[in-house]
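Here is a short report for a reader meeting this structure for the first time. It goes through strands, helices, cysteines, loops and backbone details in turn.

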Amino acid sequence: MIQLTKQQARQFLLLKHGLMDSYRFLGKQGVVDFVRQVGCIQYDPIDVCGKNAELVLQSRVKGFNKEMLEELLYQDRLLVDYPDKNLAIIPLEDWPYFERYRQAARQHEQSFPQMKELKRQVLTSLQNNGPLSSHELKVDGDFTWQSAIHWSGGTNVSRSMLEQMYSAGELIIHHKKGTRKYYDVAKNYIPSNLLNAAEPLEDELEHYKWRVLRRIGGVGLLWNRASDAWLHIWGLKATQRNEVFRQLLIEDEIVEINVEPIKDTLYCLKADLPLVEAVIQNTKSTTKQRCELIAPLDNLIWDRKLIHMLFDFDYTWEIYTPASKRKFGHYVLPLLYGDKFVGRAEIVALRKEGILVVKGIWLESGIKLTNKLRTSLNHCFHRFALFNDCQVLKIESEF
């Protein structure tokens with residue numbers, strides 16, 4: 001078992017995520033490299049100052065702009081929208097590993113005898129009109145359905161059919177306009193060797209092992225306990241998770257990490273040992289103090305309890321909290337500086353006016369606002385304004 005201090009554990013996580021020292025992910029290729037490293041990034045349609053996936057990437061990828069992600073998803077097709085940790089963006093080459101979920105969706109639809117005719121109508125409409133959203137698709141029938149694997153059920157026949165066929169792998173999201181999704185036939189965009197690939201891991205335990213390894217790699221350090229980091233891995237209960245960890249240790253795929261004073265054992269990928277050893281030996285420079293705004297559903301903070309233990313930072317996304325009960329604000333992003341979370345900020349992008357408004361800044365207790373930190377915060381907010389296509393930065397809260 002490897003022993004790490006809390007600071008070493010923090011530095012390992014941040015270096016792995018490309019959030020510390022010099023940027024390690026660069027430009028459009030950097031987006032692909034990062035998504036492949038973490039397996040998936042969560043998608044959320046809410047856009048107050050950038051959508052969640054965009055916020056994840058802007059903090060790590062030097063030169064990132066929102067058009068890069070759009071191109072990789074809907075022109076280059078190197079990434080694809082598909083549920084992983086809830087709504088997600090995954091590398092296209094991982095498509096076969098989710099075949100069991102598409103099979104479940106196809107089996108689910110067998111209970112509905114009207115499905116064949118409704119599918120015919122959907123495919124005919126797409127063939128005649130090109131990519132369609134549920135608002136434009138007209139299907140004759142009386143059918144609403146709750147998805148077997150997707151994040152929501154349809155509220156009308158058109159939406160129900162699009163989401164069912166998407167879940168079954170017959171359709172993909174062709175593009176989005178705001179929060180509206182446009183669908184088209186999957187075989188027109190996904191290579192047949194991927195689209196028609198058999199399930200690579202038919203054994204359920206082997207599939208769980210692949211998913212758990214993917215999630216550990218997606219965060220960097222995780223423990224074998226209940227966690228939001230395991231969301232949407234069907235059937236992965238404590239018993240199955242214990243067996244997965246036992247086998248991954250035997251197979252030398254993961255490494256045990258002890259971080260004082262955390263009682264639970266943490267785990268990282270065996271492949272990340274060189275980075276762990278570099279942190280221990282201090283051969284990796286940690287002198288560059290970057291300041292970054294972190295996404296509310298960022299991979300780094302998927303396990304909020306673990307982040308609290310390692311960083312002494314308690315973060316709750318209060319967007320769904322009633323206004324009267326919020327401690328901070330509606331859409332508040334953590335502020336990372338060096339190897340610490342130093343505070344949080346509520347930010348709104350007024351894009352029509354070209355203004356980025358920093359409505360509130362809350363520094364953590366014990367954080368001293370030095371000239372260096374103030375300069376870094378200002379630089380971070382100015383970069384964030386440009387990321388949101390805003391030419392003017394307005395800071396309403398003193399810090």
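How many bridges join β5 to strand β6, and in which sense do the two run? The answer is three bridges, and the strands run antiparallel. Keep in mind that this is a predicted model.

## A three-stranded open sheet

β5 and β6 belong to an open sheet of three strands. The order is β3-β6-β5, with antiparallel pairing. β3 (41-42) and β5 (79-81) stand at the edges. Each has a single partner strand, so one side of each is left without a neighbour in the sheet.

Strand β6 covers residues 88-91. One pair to look for is L79 with its bridge partner P91 in β6. In general, strands of a sheet pair through backbone hydrogen bonds, either parallel or antiparallel.

The loop between β5 and β6 holds D84. Is D84 buried or exposed? D84 is buried, with a relative accessible area of 1%. Leaving aside neighbours within four places in sequence, D84 is in contact with G39, C40, I90 and F98. Its contacts also include R211, R214, R215, L231 and H232.

## The hairpin of β7 and β8

Strand β7 spans residues 171-177. Six bridges join β7 to β8, and the two run antiparallel. L171 stands opposite V185 in β8. Two residues lie between the strands of this hairpin. There, G178 takes a positive phi near 65°.

Strand β8 covers residues 180-185. Five of its six residues are buried, so β8 is largely enclosed by the rest of the structure.

## β13, β14 and β15

Strand β14 (residues 340-350) pairs with β13 and with β15. Six bridges join strand β13 (residues 332-337) to β14, in the antiparallel sense. P334 stands opposite R344 in β14. β13 and β14 form a hairpin with two residues between them. In that turn, G338 has a positive phi of about 65°.

The pairing of β14 with strand β15 (residues 355-363) is also antiparallel and runs over eight bridges. G343 has L363 in β15 as its bridge partner. The hairpin of β14 and β15 has four residues between the strands. Here G354 takes a positive phi near 70°. β14 itself is mostly covered: eight of its 11 residues are buried.

## Two crossing helices

Now turn to helix α9 (residues 204-219) and helix α10 (residues 238-250). Their axes come within 10 Å and cross at roughly 80°. α9 and α10 are therefore roughly perpendicular to each other. From α9, the contact uses L205, E206, Y208, K209, V212, L213 and I216. From α10, it uses Q240, E243, V244, F245, Q247 and L248. These residues divide into eight nonpolar, two polar and three charged.

## Cysteines without disulfides

The structure holds zero disulfides. Why does C49 not bond with C390? The sulfur of C390 is the closest cysteine sulfur to that of C49, but at 9.7 Å it is too far for a bond. C49 is buried, with a relative accessible area of 0%.

C291 is a second case to check. Its sulfur is 4.1 Å from the closest cysteine sulfur, in C380, and that too is too far for a bond. C291 also counts as buried, at 4% relative accessibility.

## A buried loop residue

Where is L137 found? L137 sits in the loop between α6 (115-129) and α7 (157-167). L137 is buried, with a relative accessible area of 2%. Not counting residues up to four places away in sequence, L137 touches V122, S125, L132, S158 and L162. L137 and Y182 are 45 residues apart in sequence. Their C-alpha atoms are 10.0 Å apart in space.

## Backbone details

Most residues other than glycine have a negative phi, and most peptide bonds are trans. A few places here are worth a look. A cis peptide bond joins E260 and P261, with omega about 5°. P261 is in the loop between β10 (254-259) and β11 (266-269).

D21 is not a glycine, yet has a positive phi of about 60°. D21 lies in the loop between α1 (6-16) and β2 (25-26). D21 is buried, with a relative accessible area of 6%. D312 is not a glycine either, and has a positive phi of about 55°. D312 is placed in the loop between α12 (304-311) and β13.

Methods. Residues are numbered from 1 along each chain as its sequence is written. This is a predicted model: local features need pLDDT of at least 70, side-chain atom pairs count only at pLDDT 80 or more; totals for chains, interfaces and linings use all residues. Side-chain values use heavy atoms; hydrogens and water are left out. Two strands pair if DSSP finds at least two bridges between them. Axes are lines fitted to C-alpha atoms, for helices over the stretch in contact, and angles run from 0 to 180 degrees between N-to-C directions. Angles under 35 degrees count as roughly parallel, over 145 as roughly antiparallel, 65 to 115 as roughly perpendicular and the rest as oblique. Contact means heavy atoms within 4.5 Å. Ala, Val, Leu, Ile, Met, Phe, Trp, Tyr, Cys and Pro count as nonpolar, Asp, Glu, Lys and Arg as charged, and the others, Gly among them, as polar. A disulfide is a pair of cysteine sulfur atoms within 2.5 Å. Buried means under 20% relative accessible area, exposed over 50%, partly exposed in between (1.4 Å probe, protein chains only).
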